[in-house]
Each structure stands twice: as structure tokens, then as C-alpha cells.
Amino acid sequence: MQGAILLDRDGTLVDVVRDEELGVVNVAFHPSQLRLLQGVVEGLRLLRDAGYVFGIATNQPGPAKGQISIEAVARTNLALVAMLMEQGIEVRAVRVCPHHERGGPGGDPLLVGPCECRKPKPGLLVGLMADLGVGRENTWMIGDSAGDIEAGGRAGVRTGLVFAQNRCELCPLRAGPAALGVVPDVAGGTLLDVARAILGRA
Ligand SMILES: [Mg+2]
Ligand SMILES: [Zn+2]
């Protein structure tokens, strides 16, 4: 059965957004903020040529926290899909978890509370595999955080960790891979490194 590569978005495909003036880091919430990370296009082309199809599985709690509208999340995701398509990478499905346990001021109350899709739960990945029409056997989850790796494990797929020291200020891995607590099947400093490792072991 055909396999897929399930991709985290922030810190895996695109960089986080740094506001030097305010000294804060956030995820991209507008198409103009999208910056593909080093090795993304090259890595995805290798995996495409090996026959994998692509989907994106992303936690976006901004709407539940009142930070960003759900429409802005969708617009940004559409722009990312178009940006990758220009590079010959077809993303066939995108699944978003817009929920958050506690929410925030001005957040949509309908999105606040526990859900089955927020990574590290496996719901987002299971749904994405159904969208893509692929099985677990030859499918991988690639992400940059412990939640991605745990979600992949719980969804029954193999996992690849993108880990670049000092890059992902938002992710729990900034303390180093030892902080992960769950073990990925492969790891590399860029998505290209992870793709090569997957193809060496697939
Ligand atoms: Mg991430
Ligand atoms: Zn959710």
C-alpha cells in the first residue's frame, strides 16, 4: 500500500516568526510570514520521487486563544500549499487542530477544551491518513517536537525528528534531544537529512 509523509508545519516546514523589537517568537499567521526552512524543498523532492504522498498535520491553538482567526490560519495554510506546489511538491491534504485546553482572552469558546486531535494525541494523524487514503505500514510522521513524535507513535506510524540546535525557540526540544522523552526512528538537523535517513531505512 502507498505510504505518506505526514508533516508538522511550524519548525518543520516553515520557520517561526521572530519579532526582534518585542522580543517574542510566534508562528506564522499571515502568508507574508512564511519562510521555508533549509532542506525542506530538497528533502520533500527526494521523498516525492520515492513515491510518498504528503499531508500536513498542524496544531494551531491561536483561534482558541483569541490570537488569530481560523480564517487566517486557513489562508496561511493555503499559501504554504501553493508555495510548495511552485516547487513541485504537492500537499494533498491539510488537517488543523484549532483547539486548546484552556483557551485565552477573546478565544472562540467552541474551540476551548479537550479534543481528540491536538498532537500528541493521534487523532489528527489518523484523520490525515484517511484523507490521503494511505495505511500506516509505509507512513512516517516528520516533526520538530516531542508532541509530533509521540503522536506518530500513537498513530502507529514511524517517526522522523527534525532537530536543529538553537532554532526552535517554541519547541520543548530547545533543551536538546535528551529532553524528548520519546525516541524517533530517525533524526536529522534538516528535513533533507531526515528524508535521507527515511529512504535509507524505508
Ligand atoms: Mg513544530
Ligand atoms: Zn483538536
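This report describes the sheet, the helices packed on it and the metal sites of a predicted model.

**The sheet**

The core element described here is an open sheet of 6 strands, arranged in the order S5-S4-S1-S6-S7-S8 with parallel pairing. Its edges are formed by strand S5 (91-97) and strand S8 (186-188), each of which pairs on one side only. On average, neighbouring strands of the sheet are turned by 20° against each other, direction ignored. In general, the strands of a sheet pair through backbone hydrogen bonds, in either a parallel or an antiparallel manner.

One pairing within the sheet may be followed at residue level. Strand S6 (residues 140-143) runs parallel to strand S7 (residues 158-162), and the two are joined over 4 bridges. Within this pairing, Trp 140 has Arg 158 of S7 as its bridge partner.

**Helices on the sheet**

Helix H4 (residues 123-132) packs on the sheet and touches strand S1 (4-7), strand S4 (53-59), S5 and S6. The direction of H4 makes about 155° with that of S5. The buried residues of H4 are Leu 124, Leu 125, Gly 127, Leu 128, Met 129 and Leu 132. These buried residues pack against S1, S4, S5 and S6, and also against helix H5 (146-155). Just after H4, Gly 133 has a positive phi of about 70°.

Helix H6 (residues 191-201) lies across S1, S6, S7 and S8, and runs at about 150° to S8.

The loop between S5 and H4 contains Pro 120. A cis peptide bond, with omega of about 20°, joins Lys 119 and Pro 120. For context, most peptide bonds are trans, and most residues other than glycine have a negative phi.

**The metal sites**

The model contains a magnesium site and a zinc site, set out below.

| Ion | Coordinating residues (atoms) | Distances | Spacing in sequence |
|---|---|---|---|
| Magnesium ion (ligand 1) | Asp 8 (OD), Asp 10 (O), Asp 144 (OD) | 2.1 to 2.2 Å | D-x1-D-x133-D |
| Zinc ion (ligand 2) | Cys 97 (SG), His 99 (ND1), Cys 115 (SG), Cys 117 (SG) | 2.1 to 2.3 Å | C-x1-H-x15-C-x1-C |

At the magnesium ion (ligand 1), Asp 8 and Asp 10 are among the coordinating residues. Both Asp 8 and Asp 10 are buried.

The site of the zinc ion (ligand 2) is tetrahedral, with angles of 102 to 116° among its 4 donor atoms. Cys 97 belongs to strand S5 and Cys 115 to the loop between S5 and H4, so this pair ties together parts that are 18 residues apart in sequence.

Are the cysteines of the zinc site buried or exposed? A residue counts as buried when its relative accessible area is under 20%. Cys 97 has 0% relative accessibility and is therefore buried. Cys 115 has a relative accessible area of 13%, so Cys 115 is buried. Cys 117, with a relative accessible area of 16%, is buried as well.

The structure holds 0 disulfides. The sulfur atoms of Cys 97, Cys 115 and Cys 117 instead appear as donors to the zinc ion (ligand 2).

Notes: Residues are numbered from 1 along each chain as its sequence is written. Chains are lettered from A and ligands numbered from 1 in the order in which they are written. This is a predicted model: local features need pLDDT of at least 70, side-chain atom pairs count only at pLDDT 80 or more; totals for chains, interfaces and linings use all residues. Side-chain values use heavy atoms; hydrogens and water are left out. Two strands pair if DSSP finds at least two bridges between them. Axes are lines fitted to C-alpha atoms, for helices over the stretch in contact, and angles run from 0 to 180 degrees between N-to-C directions. Contact means heavy atoms within 4.5 Å. Donors are N, O and S atoms within 2.8 Å of the metal (3.2 Å for Na, K and Ca); water is not among the atoms, so sites may look incomplete. Buried means under 20% relative accessible area, exposed over 50%, partly exposed in between (1.4 Å probe, protein chains only). A disulfide is a pair of cysteine sulfur atoms within 2.5 Å. Four donors count as tetrahedral if all angles lie between 85 and 135 degrees; four count as square planar and six as octahedral if opposite donors are over 155 degrees apart and all others between 65 and 115; anything else is irregular.
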